Amino acid sequence: MRSRFDNGVGVRVAVTGLFFVSGFAALLYQVVWQRLLALFSGVDVFSVTLIVSAFMAGLGLGNLAGGQIADRVAPARRLLLFGAAEAAVAGFALVSKWLYYDVLYGRLPALGESPVSLALVLFAALFWPTFFMGLSLPLLAAAVTHDVETASTRVGVLYGWNTLGAAFGAFFTAWFAVRHLGFDGSLRLGALLNAVCALGAFAMAPALGRLEGGAAPGPAKASGARPPSLLPFPAWLGVYAVSGFVALSLEIVWFRLLGVMIKATAFTFGTLLAIYLAGLALGSLWGVALARRAAHPARSFFAFQAGIGIYAGASIAGLVVALGMDGVLESLGAHLSQYDPIDLEPLFAGGSAPPEMALLYGWLPLFLVGPPTFLMGLCFPYLQRVVQTDAAFLGRRVGWLQTANIAGSMLGAIGVGWLLLDQLGTPATLQILVGLGGAFGLGFATLATRSSGLKVRVAAAVAVAVPVLALIVALPGRDRLWAALHGKPVEDILVAEDGSGVSLLWADRGGFARASLFANGRGQGQVPYGGIHTNLGSLPVFLHPNPRDVALIGLGSGDTLFAIAGREETESIVCFEIIEPQLETLERLNERSRYGGLTSILEDERIDYRFTDGRAGLLRSDRKFDVIEADALRPTSAYAGYLYSEEFFQLVRDRLKPGGIAVTWVPTERTGATFMKVFPHVWVAGSLAVGSNEPIEFDRKAVRARASSDAARRYYGRAGIESVRLLAGLMRRSWRYLPPDADRGHISDVNTDLYPKDEYLVP
């Protein structure tokens, strides 16, 4: 009886379906593994860039090896090897939580102390799965393609459907998998999908062998080769490497811009990555039919590449102009100026989505990211049409091209993340990328006029260069860009930016006497001081009889830091902050307003500013503290789960001296339950919780006496705060004590590192 796979079309469709599922699983892993490894490495820009680069390095080496193997084995064996690679990834996925979390984070955190050792460990940790992922495309491309005339079509279809699967995987992981399964359960789902791919490949290999006779590829047939392209193959590798550099660099720039505008939550990264990948996929699938009929595919490739950078610059410039026009994009401008992100909780509680959601998570990223990523995808089948000139080298050329593109992408991640954004900022980085788009445009002009006279060639070059230079000049500068994307007038902001993020201070009442600080688009504090942050900082240091050593995670507007430094007994304060430009904006604000609270923290020699991931800083230090606090962070902010989990509170508990005090904001009931589960002695009042390993002397008279001291009055008076009234208000609250022998058996619904429920709005 004839199998449904005993024809070439059936096999190709089935293989493409498997590759779609494989792409889905790959992006599920990328989202989850990045979260797990960030616990070990930290979530600062240096560590995240290393993780992305290590992921790409493995993919690149896998593509390189896959291309070499694919051209040397029989078609059926290529499919078997693909199945084996999928099985290898599935097996690794099942142990990856143990390796990344239990071993690296739990037992070997010291390996992350040195930048060199951190890079080596991350590369080694990701090499196995990413190498086998990288094998896939060259193997499958060679398995289903046997002449150069169909190469651009079949390779483009494989690439397009795999990337579309990746887009669905990124979206599904952020919005569904982690919310319902946690990180560990999501990994098991990915392993199941890879196992399905492996079994499907093993089942189809005999059918492919029967179709091809099972023979290894021999010398190219007459239909298997065509004349070489205009440029030698090594030159195309260089061109595609530059293409990868532009693609990854733009991804970083877009994610920074959109992260600020959306005011990023746990769902932002997966959504933006899905839109980025969907653009690539749809462009590739659309380009399959076009490339096959293209008379000048090389010329078209350069034209599309030019359009990527030019559109990226023009769209951002146009958005900034539109935001500055009355009556245009009013709803977007209103959101950008808000202190808080949109509330997604009603969406998951059975209600309706916020009215701004479609704009922020759909139309806005589609406008900025959709067209250029579509052009990126178009380029892929056109390039295959250009370079695939001999069927005997098809797998190797697919592998080499992907490796070159990935190498360029790695340079983009490192160059933009560590250098360009850090030293030049987003506007100048964007100007460079538009300039590279112009360089591709000059390449197009050269190819289009290669048989024309000198005057025609020069005129074509000028016709490309002049508009590109005009666009570069027209791009908004730093202050104008970030003022527009925060919905503020340029004259009312102070802004600073580096690789770690964007900090903006907005004068909400003229003359900068009152200001709000925004970190990566989200409101994080105000000046002058005296709100919830002041309560969080002052409470623990006045409860503690002798708080000599204090640690604080989060700088913000400096409110909590000022308050936590209010005891003259305090000798040292370590302030961890991941977004370094916040300090620069505070310094510039103090030059304008000379606010006493700001002056105090900027001139206080006891304060040691450490611009790094605060949790990682505590993890890698054996130092003990009398007081530790993680400054108030919205529980739905991206990566906020790291500061509200059971394991984080355990880390804080272990870093306390005898009698030491930990304090946290309690934004949700689950956060309070998590805190109570960890600390044996807990006092709670409203949205404040204080915990310790030993009984906390909650002596109101002693607290009032400390607040009444001349030193405390003078200190807080610099910020216009009365220390006696401040602490009296805190002491009048209805405090509830939870002793060590209190029943905690009912506490089960908590946040953990592997299931940050509040961050993902789990009901």
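These questions and replies look at how some structural terms apply to this predicted model.

Me: What should I keep in mind about the model and the numbering?
Reply: The model is predicted, so local features need pLDDT of at least 70 and side-chain atom pairs count only at pLDDT 80 or more, while totals for chains, interfaces and linings use all residues. Residues are numbered from 1 along each chain as its sequence is written, and side-chain values use heavy atoms, with hydrogens and water left out.

Me: Why is D71 called buried?
Reply: Buried means under 20% relative accessible area, exposed means over 50%, and partly exposed lies in between (1.4 Å probe, protein chains only). D71 has a relative accessible area of 9%, so it counts as buried. This residue sits in the loop between α2 (45-70) and α3 (75-105); helices here are DSSP runs of H or I with at least four residues, strands are runs of E with at least two, and both are numbered from the N terminus.

Me: What makes the approach of D71 to G395 a polar contact?
Reply: The D71 side chain reaches the backbone nitrogen of G395 at 2.9 Å. A polar contact is a pair of N or O atoms within 3.5 Å; within protein, one must be able to donate a hydrogen and the other to accept it, and residues adjacent in sequence count only if both atoms are side-chain atoms. The value of 2.9 Å therefore falls within the 3.5 Å limit.

Me: Why do E646 and K677 count as a salt bridge?
Reply: A salt bridge is a side-chain nitrogen of Lys or Arg within 4 Å of a carboxyl oxygen of Asp or Glu. The side chains of E646 and K677 meet at 3.6 Å, N to O, so the pair fits that limit. E646 is in helix α21 (residues 646-654) and K677 in helix α22 (residues 669-678), so the pair ties together parts that are 31 residues apart in sequence. E646 is buried at 14% relative accessible area, whereas K677 is partly exposed at 33%.

Me: What other salt bridges are there?
Reply: The structure holds 21 of them. Among them, R606 pairs with D604, with the closest N and O atoms 2.8 Å apart, and D604 is buried at 14% relative accessible area. R610 and D608 also meet at 2.8 Å, N to O; R610 is partly exposed at 32%, and D608 is partly exposed at 31%.

Me: How do you know that β10 and β11 pair?
Reply: Two strands pair if DSSP finds at least two bridges between them. Strands β10 (residues 681-685) and β11 have five bridges in the antiparallel sense, so the pairing condition is met. V682 stands opposite G691 in β11. The hairpin of β10 and β11 has two residues between the strands, and G686 in this hairpin takes a positive phi near 60°.

Me: Which other strands join β10 and β11?
Reply: Strand β9 (residues 656-665) runs antiparallel to β11 and is joined to it by four bridges, with T664 opposite A689. On β10, three bridges make an antiparallel link to β12, and V684 stands opposite R736.

Me: What makes β7 and β12 edge strands?
Reply: The open sheet has eight strands in the order β7-β6-β5-β8-β9-β11-β10-β12, with mixed pairing. Strands β7 (607-610) and β12 (736-738) each pair on one side only.

Me: Why is β11 described as mostly covered?
Reply: Five of the five residues in β11 (residues 688-692) are buried. L688, V690 and S692 point one way, and A689 and G691 the other way. In a regular strand, side chains alternate between the two faces of the sheet.

Me: What makes L329 part of a surface patch?
Reply: Patches are made of residues with over 30% relative accessible area and no salt bridge; like charges are joined within 9 Å, and nonpolar side chains (Val, Leu, Ile, Met, Phe, Trp, Tyr) within 5 Å. L329 is partly exposed at 34%, so it passes the 30% limit. V321, M325, V328 and L329 form the nonpolar patch, with about 290 Å² of accessible area together; such areas come from the Shrake-Rupley method with a 1.4 Å probe, and for residues only the protein chains shown count as cover. L329 lies in the loop between α8 (297-323) and α9 (330-336) and has a positive phi of about 55° although it is not a glycine.
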